[in-house]
Amino acid sequence: MNARIEVLGAAQTVTGSRNLLCFKNKKYLVDCGLFQGPKEIRDLNWEKFAGADEIAAVVLTHAHIDHCGFLPKLVREGFSGPIFCTPGTRDLAQITLRDSAHLQEELARFANESGYSHHKPAMPLYTSKEAEAAIHMLEAVPYHHWVELDNDLSFHFLRAGHILGSAIVKMCFKDEAGGKIVTFSGDLGNGLSQVIRPPEHPVDTDVLVIESTYGDRNHDKSDISNKVMELVQDVEKSKGVLLIPAFSVGRTQELLWIINDLEKKKLIPSIPVFVDSPMALDATEVYARHTEELNFSIGQGRSESPFCTKCFLPVRDVKDSQKLCNTPGPMVVISAAGMLSGGRILHHLKHRLPDSKNILLFVGYQAEGTKGRLLQNGLREIRIHHESIQVRARIESSGALSAHADSDGLVNWVAGFKKPPSLVIINHGENEPARALKYRLQNELNIKNILIPKRGESIRI
């Protein structure tokens with residue numbers, strides 16, 4: 001079959017997911033994400049996307065910015081659509097793309113005002129106008145509905161259970177030899193979410209492109225509810241703040257459900273719960289609309305919402321966010337970004353890290369080189385907004401709330417195919433997790449042909 005995959009992102013790293021599929025002189029992109037993390041990784045976003053105007057379509061697995069956040073720049077460089085995604089991803093991507101564009105513009109504005117940029121003037125990676133152009137190209141496709149990309153190429157979405165709208169992409173190719181099935185896992189959920197339904201399983205595939213974020217470890221199987229319960233009780237006693245950096249889409253909604261459930265069961269006191277993230281608040285409203293993907297039904301009104309505690313306090317205005325940084329506890333503050341890569345969470349950290357009565361709880365993956373990983377590793381002094389901040393707050397972490405399948409979950413999911421894939425391509429994972437997953441698939445499932453590609457590598461399928 002005259003087809004190949006060029007791995008353009010998330011190769012031996014966990015951001016910038018981009019897989020270029022070339023078939024019969026046409027090109028299709030599965031995911032179009034931003035690189036995140038250290039500066040040398042983020043700088044990859046500024047590289048020109050060669051041949052953007054040659055791409056026939058983009059297929060998105062979900063709305064996290066490391067999977068869709070490069071779309072506005074792709075459009076600026078010549079891509080003209082369509083962008084296929086599930087209905088949930090369409091609604092969430094509108095939020096994440098607008099927020100990303102706003103952050104890009106704010107970064108450029110701050111660079112020009114402070115004069116720290118080498119570029120005069122500093123320009124945003126892309127603008128809000130360019131984000132809107134990408135949003136207008138989004139085309140929603142329900143799960144299990146086949147879409148014909150070309151006469152000999154079609155795909156459909158299966159539920160991935162990672163966040164609302166997340167999908168596994170199953171592509172079917174036809175040629176003179178009969179054709180092949182290529183499956184892109186996207187980011188797989190672990191099936192333990194209290195909020196969204198678990199991942200589905202394709203029956204068969206010839207080629208599998210699979211993530212490996214946690215390919216070398218298994219998640220903490222302890223009940224995250226117990227952890228949150230203990231920490232809320234601790235800050236209530238100390239009059240401190242439980243500060244939780246959380247991805248606005250997915251993690252925040254899980255946390256709100258857990259805190260609300262604990263409060264209803266009278267296992268925690270009713271202390272204020274602030275969500276300081278307009279994007280997280282908008283995403284929560286999207287979750288409430290897409291009841292077809294949820295594990296529970298939702299009644300009418302705020303009092304019936306599984307995401308609202310008695311003292312739930314949304315924070316949208318910047319001035320209110322600044323005021324919150326100086327507000328005494330006890331309280332819970334959930335804010336973005338989840339890997340401390342930017343956003344309002346950094347202002348909270350500047351104010352809360354120096355105080356020993358506060359607790360910082362990580363509930364998501366912290367990529368190598370990020371502030372989150374440094375704090376997890378015990379750093380006692382950290383630079384935020386060019387200031388040196390002492391770390392006296394208690395640092396806690398839990399992997400029990402991860403939206404990703406762990407090592408056992410990935411292996412068990414691959415074992416579910418009726419026969420092993422003839423080729424497995426491992427991406428979306430740092431070196432050690434990717435190599436560990438390769439070892440397990442080879443030795444436990446007897447899959448021989450497994451690749452861990454470098455960025456830019458082309459693989460015949």
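A residue is called buried here when its relative accessible area is under 20%. Keep that cut-off in mind as we walk through this predicted model, beginning with a serine that falls well within it. Ser402 has a relative accessibility of 4%, so it counts as buried. You will find Ser402 in the loop that runs between β19 (394-397) and α12. Its side chain makes a polar contact of 3.4 Å with the side chain of His219, and it also reaches the backbone nitrogen of His404 at 3.1 Å. Setting aside residues up to four places away in sequence, Ser402 touches Asn190, Tyr214, His219, Arg251 and Val363.

From here, let us turn to a histidine. His162 sits in the loop between β8 (153-159) and β9 (167-173). Is His162 buried or exposed? Its relative accessibility is 6%, and it therefore counts as buried. The side chain of His162 comes to 2.9 Å from the backbone oxygen of Ala403. Apart from neighbours within four places in sequence, its contacts are His62, His64, Asp187, Leu188, Gly189, Ile196, Ala403 and His404. His404 thus appears twice in our walk: the side chain of Ser402 reaches its backbone nitrogen, and His162 is in contact with it.

Now follow the strands that flank the His162 loop into their sheet. β8 and β9 belong to an open sheet of seven strands, ordered β7-β8-β9-β10-β11-β20-β21, with mixed pairing. Its edge strands are β7 and β21 (450-451), each of which pairs on one side only. At the β7 end, strand β7 (residues 147-150) runs antiparallel to β8 and is joined to it by three bridges. Glu148 has Ser154 in β8 as its bridge partner, and the two strands form a hairpin with two residues between them. At the other end, strand β20 (residues 423-427) pairs with β21 in the parallel sense over two bridges. There, Val424 has Ile450 in β21 as its bridge partner.

Two helices lie across this sheet. α12 crosses β9, β10 and β11, running at about 165 degrees to β11. α13, in turn, lies across β11, β20 and β21, at about 160 degrees to β20. Which residues of helix α12 (residues 407-415) are buried? They are Ser407, Leu410, Val411, Trp413 and Val414. These residues lie on the same side of α12, because they cover an arc of only 160 degrees around its axis. An α-helix has 3.6 residues a turn, so residues three or four places apart point the same way. The buried residues of α12 pack against β9, β10 (180-184), β11 (207-211) and α13 (431-444).

Finally, step back to the nonpolar cores. In soluble globular proteins, nonpolar side chains tend to be buried together. The largest nonpolar core in this model has 75 residues, and those with the most contacts inside it are Val58, Leu71, Leu74, Leu92, Leu242, Tyr287 and Val332. Leu242 is a good one to select in the viewer: beyond residues up to four places away in sequence, it touches Leu231, Val232, Val235, Met331, Val332, Val333, Ile359 and Leu361. A second, separate core has 30 residues and includes Tyr143, Val147, Phe157 and Phe184.

Notes. Residues numbered from 1 in each chain as written. Predicted model: local features only at pLDDT ≥ 70, side-chain atom pairs only at ≥ 80, totals over all residues. Heavy atoms only, no water. Core = buried A, V, L, I, M, F, W, Y, C linked by side-chain atoms within 4.5 Å. Buried < 20%, exposed > 50% of the residue type's maximum accessible area, 1.4 Å probe, protein only. Contact = heavy atoms within 4.5 Å. Helix = DSSP H or I, 4+ residues; strand = E, 2+ residues; numbered from the N terminus. Polar contact = N/O pair within 3.5 Å; in protein donor to acceptor, adjacent residues only side chain to side chain. Arc of directions from axis to C-beta. Pairing = 2+ DSSP bridges. Axes fitted to C-alpha atoms, helices over the stretch in contact; angles between N-to-C directions.
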